[in-house]
Amino acid sequence: MRSPDLSTRIAVTGTGIVCSIGRNKEEVWQAIVESRAGIGKLTRFPGETFPTDLAAESNAELPAGRRLSRTDQLAILAAREAVAQAGDIPLARAVVSSGTSTGGLLEGEDYYFRRIVRGRRRAPASRVLQQPTSGPSDAVAAAFRLGGGVISNATACASAGAAIGMAADYLRSGHADVAIAGGSDALCRLTYSGFNVLQAVDPEPCSPFGAQRKGITLGEGAGYLVLERWDDAIARGATILAELSGYGASCDAHHPTAPAEDGHGAEAAMRRALAEGKMTPASVDYVNAHGTGTALNDAAETRAIIAALGTDVPVSSSKSYFGHTLGASGAVEAVVTVLALQHQIAPPTLRLHESAAECSLDYIPHTPRPMKMTNVLSNTFGFGGSNVSLLFKRA
Amino acid sequence: VIAPGAIGIAAFRELLRSGRVAVEEVDRFDTTGLSAHKAALVRDFKPRDFIPLMKLRRMNGLSRLAVAAAKLAIEDCGATLSPETGVAIGTAFGPVQTSVEYMQEYVEKGASLAPPQLFAESVANAPGSHIAIEWGLRGFNLTITQRESSALAAAMYAATQLVKGSAQAALIGGVEEANEMLFSVLDRIGALAHADGDLDEAARPFDPRRNGFVLGEGSAMLVAGAGTRKPYGWLAGFGIARDTTAPISDWGTDPESVVRAMKSALDDAGVDTVDAIYASANGSLRGDELERLAIERLFPGKPVIATKQIFGEYAAGGALQLIAALLATDEERHQNVLVNAISAGGGIICCVISRDAA
């Protein structure tokens with residue numbers, strides 16, 4: 001079988017995003033440069049009580065469609081923006097690769113509640129049809145009539161990063177000519193309740209790497225990239241936004257939910273991404289961190305970055321703006337990372353009034369930082385110890 | 001293999017030889033009022049034979065099936081896996097049962113008091129995570145959830161990582177757990193085989209009388225890239241495509257898309273033809289017709305084997321089908337066989353398995 005040809009460069013020719021700070025990348029970038037977070041009171045589950053009450057909800061008007069879950073709708077919105085920017089791509093040879101943590105579980109919950117009230121025979125099964133985690137990929141594939149293939153993964157919060165890395169491999173091995181890769185996750189009760197019972201949610205807006213951090217803020221959103229082989233993009237006269245130059249994946253093999261405290265898995269993912277991109281640690285100009293705001297993640301990720309890249313590289317967490325978008329985070333943050341490269345401005349970590357003792361890096365507090373960036377990493381880690389690091393290069 | 005009617009590769013080989021199907025009346029949950037009453041369920045599986053009790057408590061049913069299958073695969077390969085081993089697992093529905101149990105607790109005790117252990121196991125990649133922890137596997141760890149093609153998509157991902165050099169070896173497989181929620185919903189939408197007049201309840205792939213598939217469960221794992229035993233066979237090439245005529249939750253009508261994926265897999269494997277086709281066909285009306293037309297165009301007269309009537313549909317079935325095809329390269333002396341996975345929603349993945357290294 002053909003191996004992905006690592007000398008084949010991968011161009012990013014479209015990006016799309018929806019999250020709590022914007023319905024598209026213009027709105028998202030505007031919020032980022034204005035240091036404006038999108039975290040407020042949870043409104044999506046009225047009448048239900050949770051130990052914490054903040055969320056980063058999207059207020060975007062979503063595309064209607066039969067049998068689409070909210071996660072699917074977010075996916076279509078972000079993919080549509082990415083595809084529109086990419087322009088004339090061969091959709092018949094396009095593969096879609098999406099990551100999601102829960103897919104249409106929100107609608108599955110509705111079905112489940114109705115079943116409890118009305119019984120099995122009277123609950124509408126059509127609601128639960130929206131549940132599979134293949135939903136975002138299936139919905140995007142149907143919306144754009146993609147003929148190249150459809151792949152979904154549900155690797156917890158590392159899902160979308162893996163979806164993007166996998167898509168690049170299939171372009172490099174010639175299994176597809178263009179890829180629409182990303183991820184999507186809508187807030188649902190199970191995750192909102194679940195992270196709360198794990199005591200992993202900050203009652204205040206999350207403050208990644210901060211001394212007072214108490215956990216994540218749950219968010220929702222979607223992000224998609226259009227990826228093509230570099231020469232194909234040039235040949236059709238596309239505007240190249242950035243290069244996806246490396247993909248590294250690893251597993252902590254440590255604990256079902258907690259990261260390895262020494263950060264060895266995260267370090268391995270970053271090293272593998274650098275090796276694939278043939279870059280040295282010193283060449284990395286910025287890291288868009290996983291930076292969830294939990295005590296364990298931020299300390300472990302800091303250790304991993306120091307081990308893989310040293311102590312000089314600026315790092316920030318975009319989750320301080322739009323919370324943890326779970327399975328979508330790898331894609332939402334990849335889009336932010338590409339925007340940062342394009343604008344040559346690194347997004348800050350908001351609300352970082354005082355770094356934790358174990359978080360000793362430069363986390364770009366409060367305000368965006370104009371700086372020269374050529375190679376940047378976007379990290380995304382998940383439950384089960386799965387880690388993905390994506391290396392992007394300025395076009 | 002932890003399959004309906006077969007625990008272990010020897011028993012699975014025997015099941016395939018026997019001509020039996022491992023489909024039985026469902027007694028695990030109540031099927032009263034439903035059209036279907038049979039499924040391919042795993043019986044005689046004693047998780048404690050595979051997993052120590054302390055660890056067992058932390059695993060849901062899905063994880064137990066996958067960890068046990070992984071244990072059998074690792075023992076069978078005869079080697080100690082390097083930490084640079086990746087894990088790629090397919091599951092169409094993942095831990096639905098755990099989510100249901102979590103929501104039950106949520107309703108009964110409240111959103112603040114549901115058990116965190118159930119939440120930790122509610123992610124689809126919990127089985128892959130347990131496998132990584134159990135054997136210290138620090139390579140990639142991915143869980144593919146692409147309906148009927150989940151297991152083959154996992155194989156394609158893992159094989160791609162191996163040829164790229166991202167890992168030394170990989171555990172590849174599929175896992176699925178049958179439960180009342182899944183069964184009743186599939187029944188409600190008319191997807192499951194059911195009795196009709198004189199017709200008894202059975203999956204009938206490619207049969208004009210077919211009226212649905214049988215839900216299966218279990219797990220099948222294989223080790224690629226490591227081992228001391230003679231290889232069962234080689235993952236030689238993959239092809240991927242999508243049928244653009246497919247609605248989101250059913251099969252489409254464009255056999256050319258399946259032809260494209262099959263040709264692409266042959267091309268990737270560098271072979272001109274195959275000796276047999278292990279079909280995706282499961283007894284569904286549209287899916288089987290689509291595949292039949294495609295196979296007739298590309299491989300007229302070739303033997304076509306539809307195994308999912310034996311052990312049911314979904315990711316466990318996809319992985320069992322892959323293993324059945326691997327065994328066939330030995331049993332039937334086939335040089336190359338094609339394995340198809342055609343999903344509702346239009347996803348198609350095809351894989352060529354070769355008896356010998358390229």
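Select A:R93 and A:D177 to begin, and look for the salt bridge between them, in which the closest N and O atoms are 3.1 Å apart. The pair links distant parts of the chain, since A:R93 belongs to the loop between α2 (70-86) and β4 (94-99) of chain A while A:D177 belongs to the loop between α6 (159-172) and β6 (178-185) of chain A, 84 residues apart. Please keep in mind throughout the tour that this is a predicted model. With the two side chains on screen, consider how far each is covered: A:R93 counts as partly exposed because its relative accessibility is 32%, and A:D177 also counts as partly exposed, at 22% relative accessibility.

Next, stay in chain A and select A:R172 together with A:E276, whose side chains meet in a salt bridge with an N to O distance of 3.2 Å. A:R172 lies in helix α6 of chain A and A:E276 in helix α9 (residues 264-276) of chain A, so this contact ties together parts that are 104 residues apart in sequence. Are these two residues buried or exposed? A:R172 counts as buried, because its relative accessibility is 7%, and A:E276 counts as buried as well, at 9% relative accessibility.

Now move to chain B and select helix α10 (residues 285-298), in which B:E289 and B:R292 are 3 residues apart and therefore separated by about one helical turn. These two residues form a salt bridge, with the closest N and O atoms 2.9 Å apart. B:E289 is partly exposed, with a relative accessible area of 30%, and B:R292 is likewise partly exposed, with a relative accessible area of 30%. From there, select B:R13, B:E14, B:R17, B:D330 and B:E331 as a group, and you will have a network of residues linked by salt bridges. How many salt bridges does the structure hold over all chains? There are 45 of them over all chains.

The tour now turns from charged pairs to a strand. Select residues 10-18 of chain A, which make up strand β1, and note that this strand is mostly covered, with 9 of its 9 residues buried. Add residues 221-229 of chain A, which form strand β7, and you can follow the 8 bridges that join it to β1(A) in an antiparallel arrangement. Within this pairing, A:V18 stands opposite A:A222 of β7(A). Then add strand β8 (residues 242-251) of chain A, which also pairs with β1(A) in the antiparallel sense, here over 3 bridges. To find a point of contact between these two strands, select A:A11, whose bridge partner in β8(A) is A:E243. In a regular strand the side chains alternate between the two faces of the sheet.

Aromatic rings are the next topic, and a search of the whole structure finds 16 aromatic pairs over all chains. Select B:F140 and B:Y157, where the ring centres are 5.3 Å apart and the planes stand at 90°, so the pair is edge-to-face. This pair links distant parts of the chain, with B:F140 in the loop between α6 (126-135) and β6 (141-144) of chain B and B:Y157 in helix α7 (residues 150-164) of chain B, 17 residues apart. Both B:F140 and B:Y157 are buried.

Continue to B:F213 and B:Y314, an edge-to-face aromatic pair with 5.5 Å from centre to centre and 85° between the planes. B:F213 lies in the loop between α8 (180-188) and β8 (218-224) of chain B, and B:Y314 in the loop between α11 (308-311) and α12 (315-331) of chain B, so parts that are 101 residues apart in sequence are tied together by the pair. B:F213 is buried, as is B:Y314.

Which residues do ring pairs link into a cluster? Select A:F45, A:F50, A:Y112, A:F113, A:Y192 and B:Y106 to see that cluster. Two charged residues over rings deserve a stop as well: A:R9 lies over the face of A:W230, 3.9 Å from the ring centre, and the charged end of B:R229 sits over the ring of B:Y232, 3.9 Å from its centre.

For a last stop, go to the surface and select A:I116, A:V117 and B:V107, which make a nonpolar patch of about 280 Å². A:V117 is found in helix α3 (residues 105-118) of chain A, and this residue counts as exposed because its relative accessibility is 70%.

Technical notes: Residues numbered from 1 in each chain as written. Chains lettered and ligands numbered in written order. Predicted model: local features only at pLDDT ≥ 70, side-chain atom pairs only at ≥ 80, totals over all residues. Heavy atoms only, no water. Buried < 20%, exposed > 50% of the residue type's maximum accessible area, 1.4 Å probe, protein only. Helix = DSSP H or I, 4+ residues; strand = E, 2+ residues; numbered from the N terminus. Pairing = 2+ DSSP bridges. Patch = residues over 30% accessible without salt bridge, like charges linked within 9 Å, V, L, I, M, F, W, Y side chains within 5 Å. Areas by Shrake-Rupley, 256 points an atom, 1.4 Å probe, with all protein chains shown as cover. Salt bridge = Lys/Arg side-chain N within 4 Å of Asp/Glu carboxyl O. Phe/Tyr/Trp six-rings, centres within 6.5 Å; stacked < 30°, edge-to-face > 60°. Lys NZ or Arg CZ within 6 Å of the ring centre and 35° of its normal.
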